[in-house]
Amino acid sequence: MKYIITLTTLLLLFLSCSSTQKTSSYNQEEMDLNISEEEKNAFNAKDTQDTVRIADDKTEYEIIIIDPGYYSWLNSIAHPEGYYSQEYLENRNNIYVINWNQRAMNPMLYDPNLYEMQIDYSPNIDYGYEVNYKLYNYFLYFQRKYNQRLGPFYPRLN
């Protein structure tokens with residue numbers, strides 16, 4: 001009798017685990033990045049300026065991004081400054097930086113050519129709007145260009 005109850009319990013447990021289906025509110029078409037030709041051209045642009053200095057003149061913080069195509073993408077594809085609130089940018093950047101740094105610390109799991117170094121970003125410091133805006137847009141650019149996901153948010157532009 002104990003054998004039958006144990007077997008039945010294990011069978012029910014197995015069936016309940018195996019019948020779980022992934023459900024998502026997005027279908028595959030919606031999950032595609034839908035990268036336009038204009039965006040592809042920006043990714044591959046041979047900018048005369050391939051280095052972007054992200055700094056706020058009021059603070060001493062700066063980030064230097066060396067990624068050909070980012071400057072072109074920022075000026076042609078990204079939403080303009082003022083589109084997002086600083087609070088929104090800070091919240092997203094904090095999540096993206098955490099995930100970026102975890103990947104940078106795990107070169108055996110993640111491409112060390114993509115995640116070369118950690119980003120020193122603290123949610124307790126006011127870096128100003130410009131730094132947060134350009135950093136956030138770099139994360140969008142990076143995720144879209146290299147097909148990466150740095151957080152729970154879908155890296156879309158609309």
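Which residue follows H6, and what sign does its phi have? Keep that in mind for a moment, everyone, because I come back to it right away, and thanks for having me. Before anything else, the model on the screen is a predicted one.

Here is the reply to my opening question. H6 is followed by Asn147, and the phi of that residue is positive, near 55 degrees. Asn147 is not a glycine, and it sits in the segment after H6. For background, most residues other than glycine have a negative phi. Is Asn147 buried or exposed? Asn147 is exposed, with a relative accessible area of 62%.

Let me step back to the whole chain. The protein chain holds 6 helices and 2 strands. Reading from the N terminus, the order is α-α-α-β-β-α-α-α. Of the 158 residues, 35% are buried. The chain exposes about 10,800 Å², and carbon and sulfur atoms supply 53% of that area. For those of you who like contact maps, take the contacts with a separation of 6 or more: residues 24 or more positions apart account for 69% of them.

Now to H5, residues 86-104. How does the span of this helix agree with 1.5 Å a residue? The 19 residues should span 27 Å, and the end C-alpha atoms are 26 Å apart, which agrees. The buried residues of H5 are Leu89, Arg92, Asn93, Tyr96, Val97, Trp100, Asn101, Arg103 and Ala104. Looking down the axis of H5, you find those buried residues within an arc of 160 degrees, so they line one face of the helix. And what covers them? Helix H6, residues 129-146, is included in the cover over the buried residues of H5.

Two tyrosines of H5 are worth a click in your viewer. Tyr96 lies in this helix and is buried, with a relative accessible area of 0%. Leaving aside residues up to four places away in sequence, Tyr96 touches Tyr136, Phe139, Gln143, Leu150, Gly151 and Phe153. With one of these partners, Leu150, the sequence separation is 54 residues, yet the two C-alpha atoms are 5.4 Å apart in space. Tyr88 also belongs to H5. This tyrosine is partly exposed, at a relative accessible area of 29%. From the C-alpha of Tyr88 to that of Asn132 is 9.4 Å in space, while the pair is 44 residues apart in sequence.

On to H6 itself. This helix has 18 residues and reaches 25 Å from its first C-alpha to its last, close to the 26 Å expected at 1.5 Å a residue. How many of those residues are buried? The count is 14 of the 18, so H6 is largely enclosed by the rest of the structure.

Phe142 is a good one to pick out here. Its place is in helix H6, and it is buried, with a relative accessible area of 1%. Outside the residues up to four places away in sequence, Phe142 touches Trp100, Leu114, Tyr115, Asn147, Gln148 and Leu150. Asn147, our residue with the positive phi, is in that group, and so is Trp100, one of the buried residues of H5. Phe142 and Tyr70 are 72 residues apart in sequence, with 8.5 Å between their C-alpha atoms.

Finally, something for the docking people among us: the largest pocket. Its volume is about 640 Å³. Of the 22 residues that line this pocket, the closest to its centre are Ile63, Ile64, Ile65, Met117 and Ile119. Strand E2, residues 62-66, supplies at least two residues of the lining, and so does H6.

Let me finish on Ile64, which lies in strand E2. Which residues does Ile64 touch, once those up to four places away in sequence are set aside? Those residues are Thr51 and Val52. As for Arg53, its C-alpha is separated from that of Ile64 by 4.5 Å, with their positions 11 residues apart along the chain counted as the sequence distance.

To tie things together, H6 is part of the cover over H5's buried residues, supplies at least two residues to the lining of the largest pocket, and is followed by Asn147 with its positive phi. Thanks for listening, and please turn the model around as we talk.

Key: Residues numbered from 1 in each chain as written. Predicted model: local features only at pLDDT ≥ 70, side-chain atom pairs only at ≥ 80, totals over all residues. Heavy atoms only, no water. Helix = DSSP H or I, 4+ residues; strand = E, 2+ residues; numbered from the N terminus. Expected span 1.5 Å × (residues − 1). Buried < 20%, exposed > 50% of the residue type's maximum accessible area, 1.4 Å probe, protein only. Arc of directions from axis to C-beta. Contact = heavy atoms within 4.5 Å. Areas by Shrake-Rupley, 256 points an atom, 1.4 Å probe, with all protein chains shown as cover. 1 Å grid on protein atoms, 1.4 Å probe; cavity = no way out; pocket = protein on both sides within 12 Å on 5 of 7 lines; lining within 4 Å. Points joined across faces, edges and corners; volume = space filled by probe spheres on them.
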